[in-house]
Amino acid sequence: MVGMSTFLRYGVGYRVVLDIFTLTFHELSEQLGSVYGKGPFHAKVLMREILKSGNVNWHNAPEFRQSQKLTRQLTMDLEIPIPEVSRCVSENSTIKFLCRFKDSLESESVIIPMQRHNTLCISSQIGCKMGCRFCETGNMGFKRHLSASEIVGQVFAARFILKKEIRNLVFMGMGEPFDNFEQVRQAIEVLSDQRGFDFAHRRITVSTAGLIEGITRLGKLNWPRINLALSLNAPNDEIRSYLMPVNKRYPMAELKKALISYPLRKKGLFLIEYVLINGLNDSETHARELAEFLAPLPVRLNLIPLNKTHGFPHDHTHDKDVHRFAAFLEDKGIYVIKRWSKGSSLSAGCGQLGSGASLNLP
Ligand code: SAH
Ligand code: SF4
């Protein structure tokens with residue numbers, strides 16, 4: 001089960017493994033209590049030193065110098081599974097980095113500079129099962145889920161290996177977060193704790209291709225400030241099912257119902273992502289259909305010109321057509337943002353993750 005410490009069997013005995021990237025404050029306190037007779041006080045210090053300050057020499061903290069026996073035990077039992085940053089490339093301040101895990105598989109993450117701060121785009125899986133035609137991650141197929149620890153590990157790497165201040169987190173890297181719900185939920189619990197990384201829910205966005213059970217489950221967590229993004233990408237079922245096979249399971253009318261019944265906070269907005277593909281989903285008729293679909297929903301619509309990926313023989317919508325498409329929707333009262341993709345020349349743009357092997361190493 002996620003969040004519990006693991007008991008590994010060695011010979012005749014058992015060894016406790018406390019993974020600091022997996023355990024919430026309460027779980028860590030409980031473990032420190034049941035295994036060592038300690039509790040929240042030391043849990044707080046561990047989170048402060050390791051997750052907030054990136055100090056792997058946590059035992060130098062004054063609170064631990066006074067508890068030598070506990071320090072000895074924790075030196076053996078506490079794990080800080082920092083992933084190896086196996087590659088890192090940057091251009092115009094956008095940084096793409098790969099984390100290599102114990103089985104040698106790699107996740108991809110991107111640090112994106114915004115006006116005043118950085119956003120970190122993280123992966124929830126290696127590869128993806130959803131098979132969207134325009135997406136490199138979809139092309140590579142599904143390798144495996146990432147654990148909560150591996151998700152948190154990407155944030156640790158950005159903060160303390162690459163030494164970047166990160167303000168916002170977006171689950172828009174490789175994978176479908178709602179296909180790995182429990183691990184993503186657990187990672188968010190850890191990342192949002194004020195005693196550690198301290199990412200407020202309003203600074204976290206979870207993006208989905210439209211897995212309705214996931215949308216419903218997120219709504220039930222009672223996390224009103226977490227941001228939900230939907231990758232819509234099409235104005236009707238015919239086009240959406242062609243681009244995103246997952247639409248056959250969760251057609252647009254059902255998706256709309258799920259969003260309407262989602263417990264959005266007062267004045268909250270859904271983020272709707274729409275990749276613009278020349279001649280495929282960018283005509284005026286498409287804009288009209290899209291406006292009708294979105295009419296009853298409080299949304300911010302992100303228009304993203306298609307980034308180049310392997311095996312998808314279409315071009316992005318040209319600038320003047322993006323403006324025309326946006327203007328039509330704005331005219332219908334929809335709040336539109338035109339996002340010019342960052343990092344596409346290093347295969348770090350939306351939908352390009354999975355091409356790690358083709359990176360030009362510095
Ligand atoms: N699986 C989730 C999270 C990944 S987010 C989801 O699909 O929402 C990846 C985002 O990049 C999605 O919004 C997707 O629509 C977008 N995307 C995928 N391929 C793209 C491409 N080639 N060009 C631009 N955006 C793309
Ligand atoms: Fe998976 Fe999202 Fe890419 Fe679709 S767009 S293949 S759901 S990562």
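# A guided tour, from an exposed loop to the ligand

Begin by selecting the loop between β4 (84–91) and β5 (94–100), which is where Asn92 sits. This is a predicted model, and in it the phi angle of Asn92 is near 45 degrees, a positive value in a residue that is not glycine. Is Asn92 buried or exposed? Its relative accessible area is 67%, and because exposed means over 50%, Asn92 counts as exposed.

Follow the chain through β5 and select Ser104, which belongs to the loop between β5 and β6 (106–113). Here too phi takes a positive value in a residue other than glycine, being near 75 degrees for Ser104. The relative accessibility of Ser104 is 44%, so this residue is classed as partly exposed.

**The two domains**

Next, colour the chain by its domain assignment, which gives domain 1 (6–79) and domain 2 (84–358). Between the C-alpha centres of domain 1 and domain 2 there is a distance of 34 Å, and the contact is made by 17 residues from domain 1 together with 17 residues from domain 2.

While domain 1 is in view, select Ser67, in the loop between α3 (62–65) and α4 (68–77). With a relative accessible area of 11%, Ser67 is buried, and its side chain reaches the backbone oxygen of Glu63 at 3.4 Å. If you also select His42, you will find that the C-alpha atoms of Ser67 and His42 are separated by 9.7 Å, although the two residues stand 25 residues apart along the chain.

**The nonpolar core**

Now select Leu46, Leu74, Leu294 and Leu301, which, of the 104 residues in the largest nonpolar core, touch the most other members. Which helix gives the most to this core? That helix is α6 (residues 148–161), which contributes 8 residues. The core takes at least three residues from each of domain 1 (6–79) and domain 2 (84–358).

To look at one of these leucines in detail, keep Leu46 selected and show its surroundings: leaving aside residues up to four places away in sequence, Leu46 touches Ile20, Leu28, Leu32, Leu51, Trp58, Phe64, Leu74 and Leu78. A second core of 6 residues is separate from this one, and among its members are Val110, Ile112, Cys121 and Val170.

**Helix α7**

Move on to helix α7 (residues 181–191), which is mostly covered, with 8 of its 11 residues buried. The buried residues to select are Phe181, Val184, Arg185, Gln186, Ala187, Ile188, Val190 and Leu191. What do the buried residues of α7 pack against? Their partners are α1 (25–36), α2 (40–52), α6, β10 (168–171), β11 and α8 (212–220).

**Two further buried positions**

Select Cys128, in the loop between β8 (125–127) and α5 (136–140). The relative accessibility of Cys128 is 11%, so it counts as buried. Beyond residues up to four places away in sequence, Cys128 touches Thr137, Gly138, Gly141, Phe142, Gly175 and Glu176. For a sense of distance, add Ile151, which is 23 residues from Cys128 along the chain, and note that the C-alpha atoms of the pair are separated by 15 Å.

Then select Leu353, which lies in the segment after β15 (335–338). At 3% relative accessibility, Leu353 is buried. The C-alpha atoms of Leu353 and Gly127 are separated by 8.7 Å, while the two residues are 226 residues apart along the chain.

**Ligand 1**

Finish at ligand 1, which is surrounded by 21 residues, the closest being Phe134, Gly175, Ser207, Ser231 and Asn307. Start with the nitrogen atoms of the ligand: a backbone N or O atom of Phe134 lies 2.8 Å from a nitrogen atom of ligand 1, and a backbone N or O atom of Asn307 likewise lies 2.8 Å from a nitrogen atom of ligand 1. Turning to Ser207, you will see that an N or O atom in its side chain is 2.6 Å from an oxygen atom of ligand 1.

How much of the accessible area of ligand 1 does the protein cover? On its own the ligand has 540 Å² of accessible area, and the protein covers 95% of it. As a last selection, show β11 (204–208) and β13 (270–276), the elements that give two or more residues to the shell around ligand 1.

Technical notes: Residues numbered from 1 in each chain as written. Chains lettered and ligands numbered in written order. Predicted model: local features only at pLDDT ≥ 70, side-chain atom pairs only at ≥ 80, totals over all residues. Heavy atoms only, no water. Core = buried A, V, L, I, M, F, W, Y, C linked by side-chain atoms within 4.5 Å. Buried < 20%, exposed > 50% of the residue type's maximum accessible area, 1.4 Å probe, protein only. Helix = DSSP H or I, 4+ residues; strand = E, 2+ residues; numbered from the N terminus. Domains from an automatic or database assignment. Contact = heavy atoms within 4.5 Å. Near = heavy atom within 4 Å. Polar contact = N/O pair within 3.5 Å; in protein donor to acceptor, adjacent residues only side chain to side chain. Areas by Shrake-Rupley, 256 points an atom, 1.4 Å probe, with all protein chains shown as cover.
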